[in-house]
Amino acid sequence: MGRLNSIWIFFISLSVVMVGLILLFLKPQPSLSTKGGEFAKIEVQKFHAFQTSTASTDFKIEGSRALQYSDHEVLYDFTLSKFDPQTHTQEHAKGEVVVRKKDLYTFPKGVLYTTSNNESFWSQKGTYDHSKQTFDGHGYFYLSAPEGDVKGDDITYNHVAKILRAKHIHAVINLENTQQSSRKSPTGDLPF
């Protein structure tokens with residue numbers, strides 16, 4: 001009878017351990033969600049996406065991860081590339097995170113923008129409004145072009161009006177390159 005009790009105790013103990021392990025290892029993993037508890041409808045890992053026209057590839061997006069929600073998308077470790085056929089310029093934007101909601105692109109961890117014309121722009125964080133073609137940066141920024149370098153804080157740039165505003169601006173301008181650029185450009189505007 002003692003041997004029968006020890007067998008029962010062994011199997012009951014084994015059952016308790018197995019149930020504990022199942023609860024420990026098979027519990028649901030936390031899901032990806034936004035602050036409001038909304039779940040991603042689509043998630044893509046290590047992706048390349050292209051937008052093409054009959055003439056060429058207009059836009060290319062690469063990233064380590066993309067999430068689509070009902071009203072916005074989030075891209076991680078992204079590179080956005082675009083070719084402007086009018087100016088024959090290749091443009092790239094890179095960063096850790098971008099959140100797109102309609103025409104607003106928010107860069108909470110910064111963005112680096114470069115062109116094939118040796119122009120570059122980095123902002124600590126900011127938002128680009130595609131419909132208005134404006135960028136509102138928050139924190140430190142650095143802009144470099146053949147005409148010179150500009151750095152400061154809290155940049156606001158309107159591409160249509162060619163107006164740049166910022167706090168604590170420090171600029172170094174290369175007058176020789178500025179004069180050559182104004183001879184090429186009918187408006188004489190700096191590229192930034």
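# Notebook: strands, hairpins and a phenylalanine cluster

I began with strands β7 and β8, which pair in the antiparallel sense over 9 bridges. The model I am reading is a predicted one, and I keep that in mind for each entry below. Looking up one position of this pairing, I found that Tyr 128 has Phe 135 in β8 as its bridge partner. The two strands form a hairpin with 4 residues between them, and in the turn Gln 133 has a positive phi of about 55°.

**Entry: the other partners of β7.** I then asked which strands besides β8 are joined to β7, and took β5 and β6 in turn. Strand β5, residues 104–107, is joined to β7 by 4 bridges and runs antiparallel to it; in this pairing Leu 104 stands opposite Asp 129 of β7. Strand β6, residues 111–115, is likewise antiparallel to β7, with 4 bridges between them, and here the bridge partner of Tyr 113 is Phe 121 in β7. I noted that β6 and β7 also form a hairpin with 4 residues between the strands, where Asn 118 in the turn has a positive phi of about 65°.

**Entry: aromatic pairs.** A search of the whole structure gave me 4 aromatic pairs. I looked up Phe 121 and Phe 135 among them: the ring centres are 5.3 Å apart and the planes stand at 85°, so I recorded the pair as edge-to-face. This pair links distant parts of the chain, since Phe 121 is in strand β7 (residues 120–129) and Phe 135 in strand β8 (residues 134–145), 14 residues apart. Phe 121 also forms an aromatic pair with Phe 141, and this one is tilted, at 6.4 Å centre to centre with 35° between the planes. Because Phe 121 lies in β7 and Phe 141 in β8, the second pair ties together parts that are 20 residues apart in sequence. I therefore wrote down Phe 121, Phe 135 and Phe 141 as members of one aromatic cluster.

**Entry: burial of the cluster.** Are these rings buried or exposed? I found both Phe 121 and Phe 135 buried. For Phe 121 the relative accessibility is 12%, which is why this residue counts as buried, the cut-off being under 20%. Phe 141 has a relative accessibility of 0% and so counts as buried too.

**Entry: surroundings of Phe 135.** I listed the contacts of Phe 135, leaving aside its neighbours within four places in sequence. The residues it touches include Phe 107, Val 111 and Phe 121, then Ser 123, Lys 125, Gly 126, Thr 127 and Tyr 128, and finally Ile 155, Thr 156 and Tyr 157.

**Entry: the nonpolar core.** The largest nonpolar core has 16 residues, and I noted those with the most contacts inside it as Leu 75, Phe 78, Leu 80, Phe 107, Phe 121 and Phe 135. At least two residues of this core are supplied by each of β2 (57–68), β3, β4, β8 and β9 (148–158).

**Entry: β3 and β4.** I next turned to β3 (residues 73–84) and β4 (residues 89–101), which run antiparallel and are joined by 11 bridges. Phe 78, named above for its contacts in the core, has Gly 95 in β4 as its bridge partner. The hairpin of these two strands has 4 residues between them, and His 88 takes a positive phi near 55°.

I also looked up Thr 79, which is found in strand β3. At 17% relative accessibility Thr 79 counts as buried, because the limit is under 20%. Not counting residues up to four places away in sequence, Thr 79 touches Lys 60, Ile 61, Glu 62, Ala 93 and Lys 94.

**Entry: a charge over a ring.** Searching for a charged group over an aromatic face, I found Arg 65 lying over the face of Tyr 76, at 4.9 Å from the ring centre.

**Entry: totals.** I closed with values for the protein as a whole. Its secondary structure comes to 2 helices and 10 strands, and from the N terminus the order of elements is α-β-β-β-β-β-β-β-β-β-β-α. The protein has 192 residues, of which 23% count as buried. Of the contacts between residues at least 6 apart in sequence, 29% join residues at least 24 apart. The accessible surface comes to about 13400 Å², and 59% of this belongs to carbon and sulfur atoms.

How values were computed: Residues numbered from 1 in each chain as written. Predicted model: local features only at pLDDT ≥ 70, side-chain atom pairs only at ≥ 80, totals over all residues. Heavy atoms only, no water. Buried < 20%, exposed > 50% of the residue type's maximum accessible area, 1.4 Å probe, protein only. Contact = heavy atoms within 4.5 Å. Areas by Shrake-Rupley, 256 points an atom, 1.4 Å probe, with all protein chains shown as cover. Pairing = 2+ DSSP bridges. Phe/Tyr/Trp six-rings, centres within 6.5 Å; stacked < 30°, edge-to-face > 60°. Lys NZ or Arg CZ within 6 Å of the ring centre and 35° of its normal. Core = buried A, V, L, I, M, F, W, Y, C linked by side-chain atoms within 4.5 Å.
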